[in-house]
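Hi,

Here is the structure I promised to pass on. Have a look at it first, and my notes follow underneath.

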Amino acid sequence: MLVKTFGSAICGVNAIMVTVEVSVGVGVNFLLVGLPDSAVKESQQRIATAIGQYGYHIPGKKVVVNMAPADLKKEGAAYDLTIAIGILAAAGNMRADDLDKYVIMGELSLDGSLRPIKGVLPIAIEARRQKFKGIIIPKENAREAAIVNNLEVYGADNLKQVIDHLNGEQLMEATYVDTRAEFANHLNHYEYDFADVKGQESIKRALEIAAAGGHNLIMIGAPGSGKTMLAKRMPSILPPLSLEESLETTQIHSVAGKMKKEDSLIAIRPFRAPHHTISDVALVGGGTNPQPGEISLAHNGVLFLDELPEFRRQVLEVLRQPMEERRVTVSRAKMTVEYPASFMLVAAMNPCPCGYYNHPTVECTCPPGAVKKYMNKISGPLLDRIDLQIEVVPVPFRELTAKKAGEPSAVIRERVIAARKIQEERFKGYPGIHCNAQMTSKLFRQYCAIDEECQELMKSAMERLGLSARAYDRILKVARTIADLEGCPNIQADHLQEAITYRSLDRDSWGQ
């Protein structure tokens, strides 16, 4: 008897339908074909033990399991349930009438219970696209899949529940999630708030500008000056995710297996802070079985790199292309996958090895040339992609002990949203461009034009402060964002003056 069940394979952040064909015929053998990896091949032992818990067994005949398409590598233990149901139906131990209506996936434990799998959201999206009635998956993944509407989602605890449901003996209850209500309920739940930050008003202003224009930012300051504290609050002032962005972000986290049992939708912008010992593959994605890296997990959110010079140079250099193209392509001999990577980079670093260069009260103990050598760990092309470079000084005692709370994130976020709306209107005719930081050279010339007074100011600043040529474009983009925050149609001299102060590392005197 020949029976077909349906599963799905993950390729990048999308799913591809996999048909599992099971044939039970004359002979004695068990053959699993269709380019399975070791984990899939081992499913025979897991399936045999699991179905044995309920009085079933793999028939003592020739069992052939084919996973089509045969040229697509099948990876992981998520096909256990798909194959097990196919074998039981082909052996005549259960009905096969409704198998073509469901995508069935799950990892089996030896006791027959189901373990959660990765990539449930793209699998559910593909199942709906292919016009399946529903999807049967482990119960821990049910809420994640249920955000896809017009698809029945059944979460099962064990193999017996799936068999009974398909036999029509004891139907499982479908899981429903009101996607828009779920999104609205979690939209502004932030763990950190700028109201908790004492002092550092100039740094808060720089972070507000960065959020308003989508600019990358680096903070340079002594240990304990508040760099990490400020960075953690960055998502709380960014514009809220749209429902489309939320689904896109959730899909990436689903593929990476980062979704929790109680999660259904990521409604706040992600904040990723990898340790400086991270490898380049873990940062950008890839591996033998390609997986999204930290930059893709930070898609539509913030990637925070603390102690930037301590990252290996090779790791930092791989950031350059994704920062420009806002996606990363992982190429292997037999496949190429693409992951979205539109993130905002926030970096922090000490100014020197001892950490106290330019400190107002503590003397730097580094030998001559050490500061310059420390800064040279970060390449010029990478710094060229960071629009705002700001020095963070320790908070004075009087501000640290002040009882007055700082400005809350919600108030700052309203100003950021207003500036972003101006930019969305400005770039509405240019697909893929939503903020000033994404401006192309053509748009830069059109929207960052300055008058003669501002040109003289820029010339004077570059000569007096020793600013590099690459700082010119960055300063004007930041000035454009400052003008948007104030609702000004044109860049004015005071906007330029403020933008110039945010190029600390471009000064020739730095580190001398």
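Which residue takes a positive phi just after helix 4? That would be Lys-131, with a phi of about 70°. Before going further, please keep in mind that this is a predicted model.

**The chain overall**

The chain has 512 residues, and 53% of them count as buried. Its secondary structure comes to 22 helices and 18 strands, and the C-alpha trace spans about 90 × 50 × 45 Å along the principal axes. If you take the contacts between residues at least 6 apart in sequence, 73% of them join residues at least 24 apart.

On the surface side, the chain exposes about 23,000 Å², with carbon and sulfur atoms supplying 49% of that. For your electrostatics: there are 60 positive and 61 negative side chains, and the centres of the two sets lie 2 Å apart.

**Helix 4**

Back to the helix that Lys-131 follows. Helix 4 covers residues 120–129, and seven of its ten residues are buried, so the rest of the structure largely encloses it. The buried ones are Val-120, Leu-121, Pro-122, Ile-123, Ala-124, Glu-126 and Ala-127. Note that a glutamate, Glu-126, is on that list. What do these buried residues pack against? Their partners are strand 1 (2–11), strand 2 (14–25), strand 5 (102–104), strand 8 (134–138), helix 5 (142–145) and helix 10.

**Helix 10**

Helix 10 is one of those packing partners, and its length checks out. With 13 residues (243–255) at 1.5 Å a residue, it should span 18 Å, and its end C-alpha atoms are indeed 18 Å apart. Its buried residues are Leu-243, Ser-246, Thr-249, Thr-250, Gln-251, Ile-252, His-253, Ser-254 and Val-255. Just after the helix comes Gly-257, with a positive phi of about 75°.

**Helix 6 and Arg-95**

Helix 6 (residues 159–167) is also largely enclosed by the rest of the structure, because seven of its nine residues are buried. Those are Leu-159, Val-162, Ile-163, Asp-164, His-165, Leu-166 and Asn-167. At the start of the helix, a side-chain oxygen of Asn-158 comes to within 3.2 Å of the backbone nitrogen of Lys-160. At the other end, helix 6 is followed by Gly-168, whose phi is positive, near 80°.

The end of helix 6 is where Arg-95 comes in. This arginine sits in the loop between helix 3 (80–90) and strand 5. Is Arg-95 buried, exposed or partly exposed? Its relative accessible area is 38%, so Arg-95 counts as partly exposed. Beyond its neighbours within four places in sequence, Arg-95 is in contact with Ala-89, Leu-166, Asn-167 and Gly-168. A polar atom of the Arg-95 side chain lies 2.8 Å from the backbone oxygen of Asn-167, and a polar contact of 3.4 Å joins the side chains of Arg-95 and Asp-97. Along the chain, Arg-95 and Glu-169 are 74 residues apart, while their C-alpha atoms are separated by 11 Å.

**Glu-363**

Last stop: Glu-363, in the loop between strand 17 (344–349) and helix 15 (370–375). With a relative accessibility of 66%, Glu-363 counts as exposed. Its C-alpha atom is separated by 60 Å from that of Ile-16, which is 347 residues away along the chain.

Cheers

Key: Residues are numbered from 1 along each chain as its sequence is written. Side-chain values use heavy atoms; hydrogens and water are left out. Buried means under 20% relative accessible area, exposed over 50%, partly exposed in between (1.4 Å probe, protein chains only). Helices (H or I, at least four residues) and strands (E, at least two) are DSSP runs, numbered from the N terminus. A polar contact is a pair of N or O atoms within 3.5 Å; within protein, one must be able to donate a hydrogen and the other to accept it, and residues adjacent in sequence count only if both atoms are side-chain atoms. Contact means heavy atoms within 4.5 Å. Accessible areas come from the Shrake-Rupley method with a 1.4 Å probe; for residues, only the protein chains shown count as cover. Lys and Arg count as positive and Asp and Glu as negative; His and the chain ends are not counted. The place of a charge is taken as NZ of Lys, CZ of Arg, CG of Asp or CD of Glu. The expected span of a helix is 1.5 Å times one less than its number of residues.
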